[in-house]
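Please open the structure in your viewer and keep the selection panel at hand. This tour suggests what to select at each stop and then says what is there.

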Amino acid sequence: MKSKKVMFISSTGGHLNELLQLDSLIKKYDSVLVTEKTKSTINLKNKYKNVFYTLYGTKDHKISYFFKFIFNSFRSLYLYIKIHPRLIVTTGTHTAVPICYIGKIFGSKIIYIETLANSKSKTLAGKLVYPISDTFIVQWESMLKLYPKAKYGGWIF
């Protein structure tokens, strides 16, 4: 039987900051939070009961990033099998893309929230997840021109 879990996932930094604006939803549902493990995210376990981590990686270090991305993709598969969320909510970026595709293959619903930081151009994660998302939310009305099937949700803050 499928679990009714909701997975909230994003990379660290601004994407995570946006995702954490959904704090009341994270706490309301049978949720798990997934992000990269850094000094700034390690204390999330004190606030949320189900927190899982992936490796932190930055595209500035292309060789190590490639291997970390591959590792995180396998980690995403492991986490998906372990948690089997019915719904995946994400603000992006590279940490979230593999889990969205894995989730789509196995029947999870995908809600993607495009970052507030972009008001005139698509993010790479947005471009990759847009075709498979069940709900794609933009925070700027101007982004509806770039993502015609998106829903305008206003600022998450």
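The stops below go from the whole chain to single residues.

**Before you start**

This is a predicted model, in which local features need pLDDT of at least 70 and side-chain atom pairs count only at pLDDT 80 or more, while totals for chains, interfaces and linings use all residues. Residues are numbered from 1 along each chain as its sequence is written, and side-chain values use heavy atoms, with hydrogens and water left out.

**Stop 1: the whole chain**

Select the protein chain and show it as a cartoon, where six helices and seven strands can be found; helices (H or I, at least four residues) and strands (E, at least two) are DSSP runs, numbered from the N terminus. Starting at the N terminus, the order of these elements is β-α-α-β-α-β-α-β-α-β-α-β-β. The C-alpha trace spans about 40 × 35 × 30 Å along its principal axes. The radius of gyration, taken over C-alpha atoms, is 15 Å, which agrees with the value near 15 Å for a compact globule of 157 residues, where the globule rule is 2.2 Å times the number of residues to the power 0.38. Of the 157 residues, 48% are buried; buried means under 20% relative accessible area, exposed over 50%, and partly exposed in between (1.4 Å probe, protein chains only).

**Stop 2: strand S3 and its neighbour**

Now select residues 51-54, which form strand S3. Val51 and Tyr53 point one way from this strand, Phe52 and Thr54 point the other way, and all are buried. Add strand S2 to the selection, and you will see two parallel strands, S2 and S3, joined by four bridges; strands pair if DSSP finds at least two bridges between them. Thr35 is the residue to look for opposite Tyr53 in S3.

**Stop 3: the salt bridges**

How many salt bridges does the structure hold? There are four, a salt bridge being a side-chain nitrogen of Lys or Arg within 4 Å of a carboxyl oxygen of Asp or Glu. Side chains of opposite charge can pair when their charged atoms come close.

Select Asp30 and Lys5 first, whose closest N and O atoms are 3.1 Å apart. Asp30 lies in the loop between helix H2 (23-28) and strand S2 (31-36), and Lys5 lies in the segment before strand S1 (6-10), so this pair ties together parts that are 25 residues apart in sequence. Asp30 is partly exposed, at a relative accessible area of 36%.

Next, select Asp23 and Lys47, which form a salt bridge at 3.7 Å, N to O. Asp23 belongs to helix H2 and Lys47 to helix H3 (residues 44-47), so that the pair links distant parts of the chain, 24 residues apart. Is each partner buried or partly exposed? Asp23 counts as buried at 19% relative accessibility, whereas Lys47, at 49%, counts as partly exposed. If you add Lys27, you will have a network of salt bridges that links Asp23, Lys27 and Lys47.

Then move to Asp134 and Lys104, whose side chains meet at 3.1 Å, N to O. Asp134 sits in the loop between helix H6 (124-129) and strand S6 (135-138), and Lys104 sits in helix H5 (residues 96-105), 30 residues away in the sequence. Asp134 is partly exposed at 35% relative accessibility, and Lys104 is partly exposed at 32%.

**Stop 4: Ile105**

Finally, select Ile105 in helix H5, a residue that is exposed, with a relative accessible area of 67%. From Ile105 to Tyr53 the distance is 22 Å, C-alpha to C-alpha, and the two are 52 residues apart in sequence.
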